[in-house]
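Please look through the sequence and the structure shown below before reading on. The paragraphs that follow lead from one part of the chain to another.

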Amino acid sequence: MKELKVPWLHWHSQASPIQDEIFAPDDPLRSDTLYHSSQVKGAEDLELIVRSGTSRWTKSRFDREAQNGILSNAQSFLRQVVTTTTVNLTSSPQQSASLAPDELLRLPTTFFLNTECLLDELNIPANIQRLKVPGAFYTNCLSRYAVQRQDGGVVVQGDVDFAFAVPEPSLEDRVILAGLLGRGVLSRRLAACLLMVDFQNPIFSRKREYLLRFFPTQMKLDGSGEALFVQAVRDPGGEMGQSSSPYGTSIQAAGNSRSQR
């Protein structure tokens, strides 16, 4: 479920219910018991199921890999902090078709800043207000760049139902961050430092992605990983990703392999 949060793009929901009027009188969906509007549930219910399932799945991953005080395959978890493994889709709560020229369009903040991790999860004190642009500016852009939806030979001019549909950091990655913090793999300080690198690009940041190589493949659940990370960054040959374990293992081999590339 990529359109996880209100207004739940492309889903029947309290924000945009499916109307019987959109179907032809003889459309079989009108009599389909799985569809009938009196029985179908909305995306607001599905969101809760998806969030709960993601939490259970993530806990299972940690339970399997975090044994005897050590997190194995640490980089597979940390890559969800510094890289973009998947995204959710978000949008303005306002519908494109009803947007008036003199109306201000409210843009989703998570497209510009990872507020859910930086502010909600790490509690960094900041007062970030939702960005707004004139409705006329947005609709003029749709016209100027000939924005349209197409399905085969069916072409619909304009935006999707809700305006400014864009990618944002995923729920899965935020849940992983919370798990790393709660289990002592990352300190809040180090997590904040990692996420503040190229913070103006909350997804698909090559600069943040580069940091993954400085983490070992195994990390203790006692917070000592921060010192190891700092050591690797400061050491000219400190790339640690090639080492199977940071404990009793020299990182010189990783440094040599790096210098050969």
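A residue is called buried when its relative accessible area is under 20%, exposed when that area is over 50%, and partly exposed in between. This definition is needed at once for helix 2, which comprises residues 74–82. Seven of the nine residues of this helix are buried, so helix 2 is largely enclosed by the rest of the structure. The buried residues are Ala-74, Gln-75, Phe-77, Leu-78, Gln-80, Val-81 and Val-82. What do these buried residues of helix 2 pack against? Their partners are helix 1 (43–65), strand 2 (70–71), helix 5 (171–182), helix 6 (188–196), helix 7 and strand 9.

The model is a predicted one, and its confidence should be kept in mind. The pLDDT averages 87 over the chain, and 88% of the residues score at least 70. Over residues 242–261, however, the pLDDT is below 50, although this stretch has 38 contacts in the model beyond near neighbours in sequence.

One of the buried residues of helix 2, Phe-77, also takes part in an arrangement with a charged side chain. Arg-61 lies over the face of Phe-77, at 4.4 Å from the ring centre. Arg-61 also lies over the face of Trp-57, where the distance to the ring centre is 5.5 Å.

Following the chain onward, one reaches Thr-84, in the loop between helix 2 and strand 3. Neighbours within four places in sequence aside, Thr-84 is in contact with Asp-173, Ile-203 and Phe-204. With Phe-204 there is a polar contact: the backbone nitrogen of Phe-204 lies 2.7 Å from a polar atom of the Thr-84 side chain. The C-alpha atom of Thr-84 is also separated by 7.4 Å from that of Pro-169, a residue 85 places away along the chain.

The next loop, between strand 3 (87–90) and strand 4 (104–106), contains Ser-92. Is Ser-92 buried or exposed? Its relative accessible area is 0%, and therefore Ser-92 counts as buried. Residues up to four places away in sequence not being counted, Ser-92 touches Pro-7, Leu-105, Arg-106, Pro-108, Phe-162, Ala-163 and Phe-164. A polar atom of the Ser-92 side chain lies 2.9 Å from the backbone oxygen of Arg-106.

Phe-164, one of the residues touched by Ser-92, leads to the aromatic rings. The structure holds eight aromatic pairs. In one of them, the ring centres of Phe-111 and Phe-164 are 5.6 Å apart and the ring planes stand at 85°, so the pair is edge-to-face. This pair links distant parts of the chain, 53 residues apart: Phe-111 is in the loop between strand 4 and helix 3 (115–121), and Phe-164 is in the loop between strand 7 (154–157) and strand 8 (166–169). Phe-111 is partly exposed, because its relative accessible area is 29%, whereas Phe-164, at 18%, is buried.

Another edge-to-face pair joins Phe-214 and Phe-229, with 6.4 Å centre to centre and 85° between the planes. Here too distant parts of the chain are linked, 15 residues apart: Phe-214 belongs to the loop between helix 7 (206–210) and strand 9 (219–220), while Phe-229 belongs to helix 8 (residues 225–234). Phe-214 is buried, with a relative accessible area of 5%, and Phe-229 is buried at 8%.

Finally, the rings also form a wider grouping: Phe-111, Phe-112, Tyr-138 and Phe-164 make up one aromatic cluster.

Key
Residues are numbered from 1 along each chain as its sequence is written. This is a predicted model: local features need pLDDT of at least 70, side-chain atom pairs count only at pLDDT 80 or more; totals for chains, interfaces and linings use all residues. Side-chain values use heavy atoms; hydrogens and water are left out. Helices (H or I, at least four residues) and strands (E, at least two) are DSSP runs, numbered from the N terminus. Buried means under 20% relative accessible area, exposed over 50%, partly exposed in between (1.4 Å probe, protein chains only). A polar contact is a pair of N or O atoms within 3.5 Å; within protein, one must be able to donate a hydrogen and the other to accept it, and residues adjacent in sequence count only if both atoms are side-chain atoms. Contact means heavy atoms within 4.5 Å. Rings of Phe, Tyr and Trp (its six-membered ring) pair if their centres lie within 6.5 Å; planes under 30 degrees apart count as stacked, over 60 as edge-to-face and the rest as tilted. A charge sits over a ring if NZ of Lys or CZ of Arg is within 6 Å of the ring centre and within 35 degrees of the ring normal. pLDDT is the predictor's confidence in each residue, from 0 to 100.
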